[in-house]
Amino acid sequence: MKNNQLVKIAQKLGTPIYIYNANTIKQKCKELKQNLKGINLYYACKANSNPEIIKIVYKEGFGIETVSPGEIAIAHKAGVPISKITFTCGSIDKNEIISVAKQGIRIHLDSLNQVEIFGKHFKGREVSVRLNLMVGAGHHSHVITGGPDSKFGIDISQIKELKKLAHKYNLHVTGLHQHIGSNVLNAGTFLKGVKAMFDTAILFPELNHLDFGGGFGVPYRPEEKPFDVKKFAVDMKKQIENFNKKYGKRIRISFEPGRYLVAESGSLLVKLTDIKYNPTKTFVGVNSGMNHLIRPAIYDSYHEIINISNPSGKKIKVTIAGNICESGDVFAKDRIITKPKIGDILEIKNTGAYGYAMSSEYNSRPKPKEFLMMGDKIKRI
Ligand code: LLP
């Protein structure tokens with residue numbers, strides 16, 4: 001969207017606001033579907049669980065991956081049938097496992113304890129388990145989910161125990177799941193995880209389903225290159241064919257991307273409220289903060305920021321800070337932007353994923369409103 005149009009929107013609707021472009025989401029969905037034909041796709045709605053966003057992705061042919069009863073309820077209310085919902089979660093209690101399983105939702109069990117609970121209550125049933133195959137990747141240590149330090153999945157060294165437990169309760173391990181981490185830009189790294197999964201899957205004779213999780217990255221920094229879906233799809237298909245030949249039957253394959261579908265569709269529009277020309281730094285204050293977009297504060301994440309009120313002026317170096325009482329509440333350090341003045345609108349880009357979803361009312365400041373742009377129409381969502 002053009003800068004001057006966005007400024008008008010911000011002035012009309014007020015700031016801070018999240019604004020998402022429906023067309024971008026649809027385009028990302030189509031890109032994955034076209035390249036990964038024959039593969040089941042689930043949207044990891046933790047990235048952005050606004051019901052209107054879930055509706056768009058579901059209409060594009062995606063199921064929904066959930067991690068809590070709350071997400072199940074939102075997806076269901078948005079019109080997604082239970083048969084198109086999956087559930088993956090660690091550290092949950094007996095009641096949650098039983099309640100989700102009773103609804104007929106496919107659960108990827110995360111620990112031997114979860115398998116034991118499931119077995120006691122659902123003897124003889126099919127079961128899917130999440131494994132930690134010691135392959136991990138991601139943009140920050142907080143989001144790497146494979147390897148000895150990860151809390152997720154059943155450790156590869158415990159496959160024998162897993163099989164024993166399954167045998168004890170006559171469970172049929174028909175599904176395996178893995179998620180190596182988030183914002184993986186290198187397709188080769190992702191494929192290492194895929195290979196580890198296929199190498200392990202051969203040890204389970206009753207499989208009908210393998211889920212490779214999410215994690216496809218998007219470029220946030222100007223020098224980053226997009227995830228090469230086309231090349232990834234070619235290499236993935238080769239691995240699938242090889243596996244099917246070795247295994248002797250065709251297995252359903254799934255992915256569950258979150259960020260990839262929604263990150264680039266969203267912007268956080270904020271207003272410049274304060275400027276401090278200190279001796280060594282210029283601080284620019286805005287009417288939003290880490291309670292609205294926490295990624296820079298907790299992962300040191302980079303988001304492109306544009307002064308859309310003055311996009312082609314003289315450039316200066318500034319540190320862009322929020323209005324929360326913590327010195328970590330900074331959106332960008334020593335960033336070059338066009339010279340700002342109080343009242344200017346800044347666009348914080350690529351915030352459609354893990355932006356609003358991770359927001360809070362810390363400091364008792366309300367969450368921002370969310371709007372969806374569909375062509376030239378805009379609605380509050
Ligand atoms: N599947 C599972 C089991 C997951 O745990 C996740 C993300 C996904 C799929 C989707 O991953 P994606 O495609 O979005 O990378 N708050 C962090 C990201 C945390 C991701 C947690 N799990 C961030 O803002 O970077």
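I will talk about the ligand site of this predicted model and then about two backbone details. Residues are numbered from 1 along each chain as its sequence is written, and side-chain values use heavy atoms, with hydrogens and water left out. Because the model is predicted, local features need pLDDT of at least 70 and side-chain atom pairs count only at pLDDT 80 or more, whereas totals for chains, interfaces and linings use all residues.

Let me start with the ligand. It is surrounded by 20 residues, where a residue counts as near if one of its heavy atoms lies within 4 Å, and the closest are H139, S182, E256, R295 and Y354. As for polar contacts, meaning pairs of N or O atoms within 3.5 Å, the side chain of H139 has an N or O atom 2.7 Å from an oxygen atom of the ligand. A nitrogen atom of the ligand is 2.8 Å from an N or O atom in the side chain of E256, and a ligand nitrogen is likewise 2.8 Å from such an atom in the side chain of Y299.

Where does the ligand lie with respect to domain 1 and domain 2? Both domain 1 (3-17 + 263-375) and domain 2 (89-257) give residues to the shell, so the ligand lies between them; these bounds come from an automatic or database domain assignment.

Turning to the backbone, T15 and P16 are joined by a cis peptide bond, with omega about -5°. Elsewhere, S91, a residue other than glycine, has a positive phi, near 55°.

Methods: A polar contact is a pair of N or O atoms within 3.5 Å; within protein, one must be able to donate a hydrogen and the other to accept it, and residues adjacent in sequence count only if both atoms are side-chain atoms.
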